[in-house]
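Thanks for coming. I have one structure to go through this morning, so please look at the screen.

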Amino acid sequence: MADSIFKRYLEKKNNLIKNRGILQATYVPDVLLHRDYQIEEIVDIVAPSLNKDKPSNIIIIGQTGTGKTAVVNYVGHELERADAENKNCRYIYVNCEVIDTPYSILYNISNQIITDPNKKIPFTGWSLEKIFNELANYIDDENKIFIVVLDEIDMSFKKNGDDIFYYLTTINEMLKNSRVSIIGITNNSTFAEKFLSPRIRSRLGEEKIVFPPYTPEQLIDILKNRAEQAFYPNVLDNSVIPYCAAISAQGSGDARKALDLLRISADIAERNGDSIVTSAHVDYARQKIELDAVVEVIKTLTDQSKIVLMSIIKTPSSNDTGSVTTGEVYTTYVELSKNLGYNPLSQRMVANLISEMDMLGIITARVKSFGRGGRTKEIDVNKVSNDVFSILSSDDIFRGMNLNQKLKKQTTLM
DNA sequence: CGTCCACTGGAATCAAGGGTCT
DNA sequence: AGACCCTTGATTCCAGTGGACG
């Protein structure tokens, strides 16, 4: 048989990593290390549902990568397993980052409950009231305790306010047989206090559980545990795991990040044909992750946002700090978008887009007052890295434009 | 100390586009 | 076909404001 064109990959494939899946962020391990306390707390609260008593609502707070989702799902599935006859409780999980409108949340919950494909709720068209009443009926018919998990509730809240949470927490008043408990998960520690209106806060936050960031030692444990299953023996330099853990612990004790770092380091080592993963690979991986994140964000921006971003880069700075204001950017923007054949948006809209990109972390902006000169957002052009520029300028919508034209600060175009 | 700029930030509003229901 | 419904993206309106200038 002739050599496959993938020969070198086939030969290399199993050098270091035995089981890639275990290193993916989506992989749910069968043991959740260092979360015994939180698991126990949730179990204690949720357990009454096995006897058909309604548990308290819970709000879970903790930064990304602290195991909130994994723990809750674990407990949820164990709960259903304990409820062997499937008589008394039902566990439902909704991720509000993906499913982020009131309609789609209700739609999603309903269709997890409705089994008859002919009765499924259409993905649009109904009024919220109708879908809500229908949902309540189905829930009541089941005659069970429902544990509904709303993951990343702050995402939904930001867009829609807390009306759905109000609906969902008041649903019990419409039910005769069943009961609904809500578990809300958020990574914003001020979310509950700052954003939820009092009527929701008292209902939703009957119990509060905090997931602290992992300490470096805990991260090491977690990584070791996964590494044992994922790698062949002796392919990791001793420094690698502590290094990954240290880097991630610096940030926010994010286990997901630590795992990504480990996996990508190994990928790089493998691709390089190296027989062992070292901390040099980790350094390299860290850079790659950062760059990939930026690329990803820029790729998914809307055309208008890309034009605004380009305008920020192209606007000549009028002061010596190298920063630029909203008004200045807007002038450039109007011209640029006309050149590209787009209808310019209003200034208010552009200001929104700027704030948005600030939150995404690709630009740095802060409101600053220039006294009589007014109050505006000061956008730091220097912090917009060359990476951003080169990624952006290779985008389709700028094809054929001479981008050097007015560019004063940037003399080299990649 | 008060004024007053050039916006910000919030909210209400509109239009278009996806649908269902009768 | 016409009445309604939700979502999204944009527009319009408006009160509010930090701090340099006078």
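I will take the DNA contacts, then one pair of helices.

This is a predicted model, in which local features need pLDDT of at least 70 and side-chain atom pairs count only at pLDDT 80 or more, while totals for chains, interfaces and linings use all residues. Residues are numbered from 1 along each chain as its sequence is written, chains are lettered from A and ligands numbered from 1 in the order written, and side-chain values use heavy atoms, without hydrogens and water.

DNA strand C first. It is surrounded by 17 residues, counted as near if a heavy atom lies within 4 Å of the strand. The closest are Thr101, Tyr103, Leu128, Met349 and Ser369. Of the strand C atoms within 4 Å of the protein, 66% belong to sugar or phosphate, and the rest to bases.

Now the polar contacts, meaning pairs of N or O atoms within 3.5 Å. Threonine 101 has a side-chain N or O atom 2.9 Å from a phosphate oxygen of strand C. Serine 369 puts a polar side-chain atom 2.8 Å from a base nitrogen of strand C.

Next, the helices, which are DSSP runs of H or I with at least four residues, numbered from the N terminus. The axes of helix 15 (residues 326-339) and helix 16 (residues 347-360) come within 10 Å and cross at roughly 110°; the axes are lines fitted to C-alpha atoms over the stretch in contact, with angles from 0 to 180 degrees between N-to-C directions. That makes the two helices roughly perpendicular, the word used for 65 to 115 degrees.

Definitions and conventions:
Angles under 35 degrees count as roughly parallel, over 145 as roughly antiparallel, 65 to 115 as roughly perpendicular and the rest as oblique. A polar contact is a pair of N or O atoms within 3.5 Å; within protein, one must be able to donate a hydrogen and the other to accept it, and residues adjacent in sequence count only if both atoms are side-chain atoms.
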